[in-house]
Amino acid sequence: MTTRAGFIALIGEPNAGKSTLLNRMVGAKVSIVTHKVQTTRARIRGVAMEGDAQLVFVDTPGLFKPRRRLDRAMVAAAWGGAADADIIVLMVEAHRGITEGVERILDGLSEIAQGRKVALAINKIDRVEAPALLSLTRDLNDRFPFAETFMISAEKGHGVEDLRKWLAQQLPEGPWLYPEDQIADLPLRMIAAEITREKLTLRLHQELPYQLTVETENWEERKDGSARIDQVIYVMRDGHKGIVLGKRGETIKAISQSARAELEEFLDRKIHLFLQVKVRPNWLEEAERYSEMGLDFKDGNA
Ligand SMILES: Nc1nc2c(ncn2[C@@H]2O[C@H](COP(=O)(O)OP(=O)(O)OP(=O)(O)O)[C@@H](O)[C@H]2O)c(=O)[nH]1
């Protein structure tokens with residue numbers, strides 16, 4: 001079997017319908033992430049399977065702050081995940097057309113696109129008539145050489161399947177980036193890790209702000225409706241381990257309690273949280289490696 005996998009960045013002005021489209025493509029669970037995502041550095045928004053292809057959707061924080069006269073490297077940095085993605089999908093609202101914000105994104109696209117495939121998804125087609133749609137399609141394609149144009153309604157589901165199939169075909173051949181059985185709860189795993197990391201930061205803010213990361217290693221649904229979550233807190237040095245544990249384990253206990261309370265509130269059910277602290281001297285370098293792949297969520301501190 002030839003598998004395909006790669007990163008897809010959904011970009012567009014606020015309100016363009018990115019979350020709605022993502023939820024359609026990935027499934028309902030991701031919507032939980034989207035509320036939280038602004039406050040985290042999590043960059044993976046969701047993973048979808050389409051035939052033999054694994055579609056990994058990345059976030060693009062910081063894209064829309066007004067900027068003038070940027071060089072390519074700065075634009076690429078501002079574009080974050082989009083600049084590294086295999087495919088970029090620009091979402092434009094059908095009834096709003098080419099706004100100033102869209103102009104700015106088009107300018108940025110020209111800077112960073114360079115051989116990358118960029119698709120145009122005109123969204124909310126339920127809000128306009130056909131002639132307006134055609135002239136918008138023409139105008140946008142005059143401004144940028146889109147590989148393909150899709151007319152969709154993310155909310156009603158029109159055109160979404162076509163887009164998803166096309167994305168799957170365009171992705172490079174290669175092994176999947178995530179085991180299939182983890183895809184469904186990947187966003188939840190990320191959030192859970194982020195919650196614990198936040199509690200650690202609150203508690204230890206002076207002592208070791210930058211040098212730890214949290215990973216959710218195991219997530220087990222139990223018959224009684226509760227869930228068992230196992231997480232590992234990775235620190236760089238033995239001394240840090242002692243700080244995280246605290247005297248007689250008091251610090252880790254307090255962190256565990258507050259993380260569990262927030263998880264229970266967030267997931268609306270009973271949670272059994274098990275934290276372990278491990279020393280992993282190289283995690284910073286590993287995190288950098290991951291971030292090159294767009295996998296920033298491994299790095300709790302970037
Ligand atoms: N009429 C119509 N409304 C839509 C469609 N797709 C999304 N919307 C609505 O547009 C609004 C914005 O959608 P979101 O998915 O939150 O947009 P977003 O791009 O993720 O927004 P930000 O998170 O602010 O960047 C919501 O009220 C959606 O219900 C569509 O196809 N048709």
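These are my notebook entries on a predicted model.

**Entry 1: the ligand shell**

I began with the ligand. Which residues come nearest to it? I found Gly-17, Lys-18, Ser-19, Thr-20 and Glu-155, out of 16 residues around the ligand. I then sorted the shell by class. It has six charged residues, seven polar ones and three nonpolar ones. Next I asked which element gives the largest share of the shell. Helix 1, residues 18-26, does, with three residues.

I stayed with helix 1 and checked its burial. Eight of its nine residues are buried, and the helix is mostly covered. Lys-18 and Thr-20 are among the buried ones. I also listed Leu-21, Leu-22, Asn-23, Arg-24, Met-25 and Val-26 as buried.

**Entry 2: strand 5 and its partners**

I moved to strand 5, residues 117-123. Is strand 5 mostly covered or mostly open? I counted five buried residues out of seven, so I logged strand 5 as mostly covered, taking 20 or more C-beta neighbours within 10 Å as buried.

On one pairing I found strand 4, residues 87-93, running parallel to strand 5 and joined to it by seven bridges. Leu-90 has Leu-120 of strand 5 as its bridge partner. From strand 4 the chain passes through helix 5, residues 100-112, into strand 5, in a right-handed β-α-β crossover.

Another pairing takes strand 5 to strand 6, residues 148-151, again parallel, with four bridges. Here Ile-122 stands opposite Met-151. I traced the chain from strand 5 through helix 6 to strand 6, and this β-α-β crossover is right-handed.

**Entry 3: the loop after strand 5**

I looked next at the loop between strand 5 and helix 6, where Lys-124 has its place. The backbone at Lys-124 caught my eye. Its phi is positive, about 65 degrees, although Lys-124 is not a glycine. I noted the background: most residues other than glycine have a negative phi. Is Lys-124 buried or exposed? I logged Lys-124 as buried, because it has 22 C-beta neighbours inside 10 Å.

Glu-129 lies in that loop between strand 5 and helix 6 too. I logged Glu-129 as exposed, because its count of C-beta neighbours inside 10 Å is 10. I also took its C-alpha distance to Ala-94. The two are 9.4 Å apart in space and 35 residues apart in sequence.

**Entry 4: Arg-248**

I found a positive phi at Arg-248 as well, about 50 degrees, and this residue is not a glycine. Where does Arg-248 lie? I placed it in the loop between helix 9, residues 238-245, and helix 10, residues 250-267. Arg-248 counts as exposed because it has 7 C-beta neighbours inside 10 Å.

**Entry 5: the nonpolar cores**

I looked up the largest nonpolar core and found 47 residues in it. Which residues have the most contacts inside it? They are Ile-8, Leu-55 and Leu-90. I followed Ile-8 further, leaving aside neighbours within four places in sequence. Ile-8 is in contact with Leu-55, Val-56, Phe-57, Ala-85, Asp-86, Ile-87, Val-89 and Leu-167. Apart from the largest core lies another core, of 20 residues, including Met-190, Ala-193, Ile-195 and Ala-259.

**Entry 6: Gly-6**

I found Gly-6 in strand 1, residues 4-12. It counts as buried because it has 21 C-beta neighbours inside 10 Å. Beyond four places in sequence, I listed Val-56, Asp-86, Ile-87, Leu-171 and Pro-172 as contacts of Gly-6. I then checked Gly-6 against Gln-54. Their C-alpha atoms are separated by 6.8 Å, with these positions 48 residues apart along the chain counted as the separation.

**Entry 7: strands 7, 8 and 9**

I closed with strand 7, residues 212-221, and strand 8, residues 227-235. How do they pair, parallel or antiparallel? They pair in the antiparallel sense, over nine bridges. Glu-215 stands opposite Val-232 in strand 8. The two strands form a hairpin with five residues between them. In the turn, Gly-225 has a positive phi of about 95 degrees.

Strand 8 also pairs with strand 9, residues 271-279, in the parallel sense and over nine bridges. I logged Ala-227 as standing opposite Ile-271 in strand 9.

How values were computed
Residues are numbered from 1 along each chain as its sequence is written. This is a predicted model: local features need pLDDT of at least 70, side-chain atom pairs count only at pLDDT 80 or more; totals for chains, interfaces and linings use all residues. A residue is near a molecule or strand if its C-beta atom, placed from the backbone, lies within 6 Å of it. Ala, Val, Leu, Ile, Met, Phe, Trp, Tyr, Cys and Pro count as nonpolar, Asp, Glu, Lys and Arg as charged, and the others, Gly among them, as polar. A residue is buried if 20 or more other C-beta atoms lie within 10 Å of its own, exposed if 12 or fewer, and partly exposed in between; C-beta atoms are placed from the backbone. Two strands pair if DSSP finds at least two bridges between them. A crossover is right-handed if, with the strands pointing away from the viewer, the path from the first strand over the helix to the second runs clockwise. A nonpolar core is a set of buried Ala, Val, Leu, Ile, Met, Phe, Trp, Tyr and Cys residues joined through C-beta atoms within 7 Å. Two residues are in contact if their C-beta atoms, placed from the backbone, lie within 7 Å.
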